[in-house]
2 protein chains.
Amino acid sequence: MAKDRKIDMVILGLLAHEDLTGYDIKKRIDGAISLFWKGSFGSIYPALSSMEKEGLVEKKADATGKRERIFYHVTDKGIDCLKAWLEDEKATNDLKYETLLKLHFGGSVDRATSLKSVVAFEEEITEKLSLLQLYKKNLEPDLDNEDHLHYYLTVSFGITTYEAYLKWCEEAKKLLAHMDKISII
Amino acid sequence: MAKDRKIDMVILGLLAHEDLTGYDIKKRIDGAISLFWKGSFGSIYPALSSMEKEGLVEKKADATGKRERIFYHVTDKGIDCLKAWLEDEKATNDLKYETLLKLHFGGSVDRATSLKSVVAFEEEITEKLSLLQLYKKNLEPDLDNEDHLHYYLTVSFGITTYEAYLKWCEEAKKLLAHMDKISII
DNA sequence: TACATTATATATCAAATTGATATGTTGTCA
DNA sequence: TGACAACATATCAATTTGATATATAATGTA
């Protein structure tokens with residue numbers, strides 16, 4: 001068996017605040033959560049079905065609209081499940097940095113190639129960082145709100161690490177810049 | 001189709017330096033590479049088989065030992081494949097921080113619970129950081145070696161980001177420390 | 001010497017996940 | 001009216017994980 005479905009916890013965490021459709025859940029994940037977790041329709045819809053069978057969530061008929069919309073509501077059992085997970089401080093943090101992988105194996109291609117990977121990474125991070133700073137500005141005035149405090153912590157994590165990434169990019173660019181080093185010396 | 005098998009590139013990158021068995025490859029990945037990529041036997045062995053069929057690697061009989069050992073050697077086609085990947089600066093960097101996920105949804109449990117997650121994370125990072133500093137010390141004297149320079153860059157990435165993590169842990173602990181805040185004010 | 005434990009080594013499998021694709025509806029702007 | 005973007009559910013092959021099975025060689029220890 002692979003590890004328990006983590007996507008279940010993401011869904012339960014979101015449903016703890018409001019009833020949502022699978023599509024809504026995907027949008028929430030693509031927002032601030034995408035900084036540290038991702039989820040696709042291919043995992044969300046099957047997870048909702050299976051959690052419904054387990055009694056962790058329940059379907060709510062949508063009377064209002066004409067369009068098919070299946071809202072999910074978290075049950076007491078679902079809340080218990082979420083809390084049990086939150087109270088366990090064990091956590092697996094998995095990173096897959098293709099940029100770093102390319103850099104690690106970059107010794108057999110020329111430095112200009114490695115440099116291009118660093119610059120592409122730098123651009124990506126710079127863009128995301130300005131979005132995070134916007135999130136931070138919105139959360140800062142209301143840290144007495146327990147939820148906002150916790151959202152703030154994750155956004156602050158993103159900002160701190162992204163700033164470190166950019167600092168590293170500067171160092172990496174400097175080290176890779178001396179492309180003619182061997183021929184000069 | 002899911003995205004191309006990235007594990008192939010890890011294997012080709014390793015085989016570019018020396019012939020290895022599947023078991024060796026796993027050990028290499030569990031070393032310095034584990035900072036930014038992971039791989040299991042369940043992906044390594046099937047990848048080796050399929051790459052052999054594609055002509056990217058070839059089996060080398062092991063004459064010496066008595067134990068079953070299948071060494072793999074990278075072909076010219078395999079090297080071309082590796083270089084093509086290295087020369088493409090596009091890269092997807094996927095993070096799965098369960099710690100951050102727990103913190104994001106921590107607003108509905110007490111702060112002591114969130115604090116425990118931060119402390120567990122801090123301990124994990126502190127331990128890994130000292131290992132990285134050891135790697136760095138070993139690589140630093142020989143940065144003229146093109147491979148070492150590239151290894152150094154990834155180790156330096158790890159150190160810079162882990163130091164940022166620890167800085168954030170301090171901030172997070174401070175913000176979560178005021179557990180009686182509401183009742184005091 | 002005998003025994004237990006750890007490291008070496010290949011391989012497979014169910015479960016989880018991704019990324020793509022299929023299918024159709026509703027709202028908006030020109 | 002027509003085009004396009006956003007909404008919404010669902011499925012699938014390919015990939016990956018984490019666990020397990022199986023077996024041999026080396027090492028420590030009683």
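## Helix packing and cavities in a predicted two-chain model

The crossing of α2(A) and α3(A) is right-handed. That's one of the helix pairs covered here, and keep in mind that this is a predicted model. Two cavities of 30 Å³ or more turn up, and the largest has residues of both chain A and chain B in its lining.

**α2 against α3 in chain A**

- Helix α2 of chain A covers residues 22–30 and α3 of chain A covers residues 41–54; the two pack at an angle of about 135°, with 10 Å between their axes.
- Why call the pair oblique? The oblique class takes angles outside the ranges under 35, 65 to 115 and over 145 degrees, and at about 135° α2(A) and α3(A) are therefore oblique to each other.
- On the α2(A) side, the contact uses G22(A), Y23(A), I25(A), K26(A) and I29(A), while α3(A) brings F41(A), I44(A), Y45(A) and L48(A).
- Sorted by class, the residues of this α2(A)–α3(A) contact come out as seven nonpolar, one polar and one charged.

**α1 against α3 in chain A**

- α3(A) also packs with helix α1 of chain A (residues 7–15), this time at about 75° and with the axes 10 Å apart.
- Since 65 to 115 degrees counts as roughly perpendicular, α1(A) and α3(A) are therefore roughly perpendicular to each other.
- I7(A), D8(A), I11(A) and L12(A) are the α1(A) residues here, and they meet S43(A), I44(A), A47(A), L48(A) and M51(A) of α3(A).
- The class split for the α1(A)–α3(A) contact is seven nonpolar, one polar and one charged.
- I44(A) and L48(A) are among the α3(A) residues that meet α1(A), and I44(A) and L48(A) are also among those that meet α2(A).

**α1 against α4 in chain B**

- Over in chain B, helix α1 (residues 7–15) and helix α4 (residues 76–86) cross at roughly 115°, and their axes come within 10 Å.
- This crossing of α1(B) and α4(B) is left-handed.
- M9(B), L12(B) and G13(B) from α1(B) meet G78(B), C81(B), L82(B) and W85(B) from α4(B).
- Five of the residues in the α1(B)–α4(B) contact are nonpolar and two are polar, with no charged ones.

**The largest cavity**

- The largest cavity holds about 40 Å³ of space.
- Its lining is made of L35(A), F36(A), F157(A), T161(A), Y162(A), Y165(A), L95(B) and Y97(B).
- Which element gives the largest share of that lining? It's α7(A), with four residues.
- α7 of chain A (146–177) and β3 of chain B (93–97) each supply at least two of the lining residues.
- As for chemistry, the lining of the largest cavity has seven nonpolar residues, one polar and no charged.

**The second largest cavity**

- About 30 Å³ of space sits in the second largest cavity.
- L86(A), K102(B), L103(B), G106(B), V109(B), T113(B), S114(B) and S117(B) form its lining.
- α5 (98–104) and α6 (111–139) of chain B each give at least two residues to this lining, and α6(B) has the largest share, three residues.
- This second lining splits into three nonpolar, four polar and one charged.

**A91(A) and chain B**

- A91(A) sits in the loop between α4 (76–86) and β3 (93–97) of chain A.
- Leaving out residues up to four places away in sequence, A91(A) touches E98(B), T99(B) and E124(B).
- From A91(A) to K26(A) it's 65 residues in sequence and 23 Å in space, C-alpha to C-alpha.

How values were computed
Residues are numbered from 1 along each chain as its sequence is written. Chains are lettered from A and ligands numbered from 1 in the order in which they are written. This is a predicted model: local features need pLDDT of at least 70, side-chain atom pairs count only at pLDDT 80 or more; totals for chains, interfaces and linings use all residues. Side-chain values use heavy atoms; hydrogens and water are left out. Axes are lines fitted to C-alpha atoms, for helices over the stretch in contact, and angles run from 0 to 180 degrees between N-to-C directions. A crossing is left-handed if the near helix is turned anticlockwise from the far one by less than a right angle, and right-handed if clockwise. Contact means heavy atoms within 4.5 Å. Ala, Val, Leu, Ile, Met, Phe, Trp, Tyr, Cys and Pro count as nonpolar, Asp, Glu, Lys and Arg as charged, and the others, Gly among them, as polar. On a 1 Å grid over the protein atoms alone, a cavity is a set of points where a 1.4 Å probe fits but cannot get out, and a pocket is an open set with protein on both sides within 12 Å along at least five of seven lines; lining residues have an atom within 4 Å of a point. Grid points are joined across faces, edges and corners, and a volume is the space filled by probe spheres set on the points.
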